Amino acid sequence: MKGVRNSIINRISNIKMIKLIASDMDGTLLNNNHKIPKENVELIKFAKKHGIEFVVATGRAYYEALPALKAENISCDVISFNGGVIYDKNGKIINITPMELKDLYYTIEILKSLDISYQLYTKNTIYTNSIETDISAYIDLIRANGEEPNEKHLREEAKNKLKLGHITEVENIDLYINQKDNPSIKVIGLSNDISKLQKATELLASNTNISVTSSGANNIEIMDKKATKGEALKIVADIHNISLENTIAIGDNLNDQAMLEIVKYSIAMKNGNKLLKDHAKYITDKTNTEGGVADSVMKLLTEHNEFYEDINQTLVEAAIEAT
C-alpha cells in the first residue's frame, strides 16, 4: 500500500493545476475605496481551503497593504514596493532590495529638474512634501480610470496614515534618503503633465542600475533593477516549491507586467492599462469594483483544478488502507 500511496503523491505533484495566485492590490484586488470586495475575500478563502497559495504583489509599502488585509482576516505573503521587500505571512522579511544611494540622488535630481513632485518610500514610512498633493494625485488617477472617487474616505484614510506614521510630511525629503536602519526602497514621481513623466522616464533609462515603471497615468515608479514583481514572485514560488507553470498573476498596470510575463496564467483587469492587456493571456469581464479578480480566477480554477478534491480523497483512502 505504501507504493500505491507514493504513486498517488507523485501523480498529484505532476498534475498541471493552479497552485499559486499572485494579485496586485490597487485597481485589482481592491475597489476604489481601498477595500477588498466580498467576492475576492471568498476567493482567497476558497484558495486557502484547497491548498492554493495566495500572495499579494503591490507597489504599496507593507504597512500600507496590511489594513485592507487585516480588515478581512487575510494572512498571506506580501510582495511590497513592487518587489523591493518581500514579507511572509507572519510579517517576517524574506528579501529586501533597497536602492543604491547614488541612484537615489540621480533619480531625485532628474525629477526636480522637471518640476515633478515625488515621494520617498522607505522600509518604515513614506516621506512626502505634501499629503494634499498626494491625495489630489490619487483622486485624479481614479477619475482618469472613469470612476468617481470618495474624497471624504480618501482624506480620512490619509489622516490615519499620518497618525500611524505610515506617511511622514517633511520639508526636505533629501535629508531622509540615507538612514542606516530605514533603507530607501522606491521613489514615485507624480505629475498630471504626461510629457514631463515621459521625459523623466527617458532620462532615467540611461541608468542601468534602476528600473522605471508605472502604476497609473500620472506617476512613474523608480526602484533598483532587481526589485520587480516578477523577480519577487520567482522567490515566493521557489519558497513554496511551486512552478510558475502552476501560477496565476493578475494586475492592472505596467508595474504588474514583470510578473504577468513569467507565469502560465496571466490576467489583466478590464479596467487596466491597454499595454498590459496586450501582454496578458486573459482579460477580466468585470472591473476591480465588481470583483473582477474572483470572477476570472474562479473560472480558471474550475477549469484546471476540477480533479483536485477527488485525487486528494483517493490519497486519504490509500493512506488509511496503508495503515
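Which residues of strand S1 (residues 20–23) point one way, and which the other way? Leu20 and Ala22 point one way, while Ile21 and Ser23 point the other. This is a predicted model, in which local features need pLDDT of at least 70 and side-chain atom pairs count only at pLDDT 80 or more, while totals for chains, interfaces and linings use all residues. Residues are numbered from 1 along each chain as its sequence is written, and side-chain values use heavy atoms, with hydrogens and water left out.

**View 1. Strand S1 sits between its partners S2 and S12 in the pairing list.** Leu20, Ile21, Ala22 and Ser23 are all buried, where buried means under 20% relative accessible area, exposed means over 50%, and partly exposed is in between (1.4 Å probe, protein chains only). In a regular strand the side chains alternate between the two faces of the sheet. Strands, like helices, are DSSP runs numbered from the N terminus: E and at least two residues for strands, H or I and at least four residues for helices. S1 pairs with strand S2 (residues 53–57) in the parallel sense, over four bridges; two strands pair if DSSP finds at least two bridges between them. One bridge to look for links Leu20 to Glu53 in S2. S1 also pairs with strand S12 (residues 247–251), again in the parallel sense and over four bridges. Here Ala22 has Ala249 of S12 as its bridge partner.

**View 2. The largest nonpolar core has 49 residues.** A nonpolar core is a set of buried Ala, Val, Leu, Ile, Met, Phe, Trp, Tyr and Cys residues joined through side-chain atoms within 4.5 Å. Ile21, Ile36, Val56, Leu69, Ile248 and Val297 have the most contacts inside this core. Helix H4 (residues 62–70) gives the most to it, with six residues. Zoom in on Val297 and you'll find that it touches Ile21, Leu43, Ile248 and Ile267, leaving aside residues up to four places away in sequence; contact means heavy atoms within 4.5 Å. A second, separate core has 20 residues, including Leu114, Tyr118, Val170 and Ile173. In soluble globular proteins, nonpolar side chains tend to be buried together.

**View 3. Six strands make an open, mixed sheet.** Follow the order S8-S7-S6-S9-S11-S10 across it. Strand S8 (167–169) and strand S10 (210–213) are at the edges with a single partner strand each, so one side of each has no neighbour in the sheet. On average, neighbouring strands here are turned by 20° against each other, direction ignored. Strand S7 (residues 126–128) runs parallel to S8, and three bridges join the two. Thr128 is matched with Glu169 in S8.

**View 4. Strand S9 (184–190) is a well-covered part of this sheet.** Seven of its seven residues are buried, so S9 is largely enclosed by the rest of the structure. Strand S6 (residues 117–122) runs antiparallel to S9, joined by six bridges, and Tyr118 stands opposite Gly189 in S9. S9 and S11 also run antiparallel, with five bridges. In S11, Gly189 has Ile220 as its bridge partner. Helix H8 (residues 194–204) lies across S9, S10 and strand S11 (219–224), and runs at about 20° to S11. Axes are lines fitted to C-alpha atoms, for helices over the stretch in contact, and angles run from 0 to 180 degrees between N-to-C directions.

**View 5. Helix H7 (residues 151–164) has a buried face.** His153, Leu154, Ala158 and Lys161 are its buried residues. Looking down the axis of H7, they fall within an arc of 135°, so they line one face of the helix; the arc is that of the directions from the helix axis to the C-beta atoms. These buried residues pack against H4, helix H6 (131–144) and S8. On the other side, Lys152, Lys159 and Lys163 are exposed. Just after H7 comes Gly165, with a positive phi near 85°.

**View 6. Two loop asparagines have a positive phi.** Asn73 lies in the loop between H4 and strand S3 (77–80), and its phi is about 55° although it is not a glycine. Its relative accessibility is 74%, so it counts as exposed. Asn241 is in the loop between helix H9 (229–239) and S12. Asn241 also isn't a glycine, and its phi is positive at about 55°. With a relative accessible area of 72%, Asn241 is exposed.

Definitions and conventions
The expected span of a helix is 1.5 Å times one less than its number of residues.
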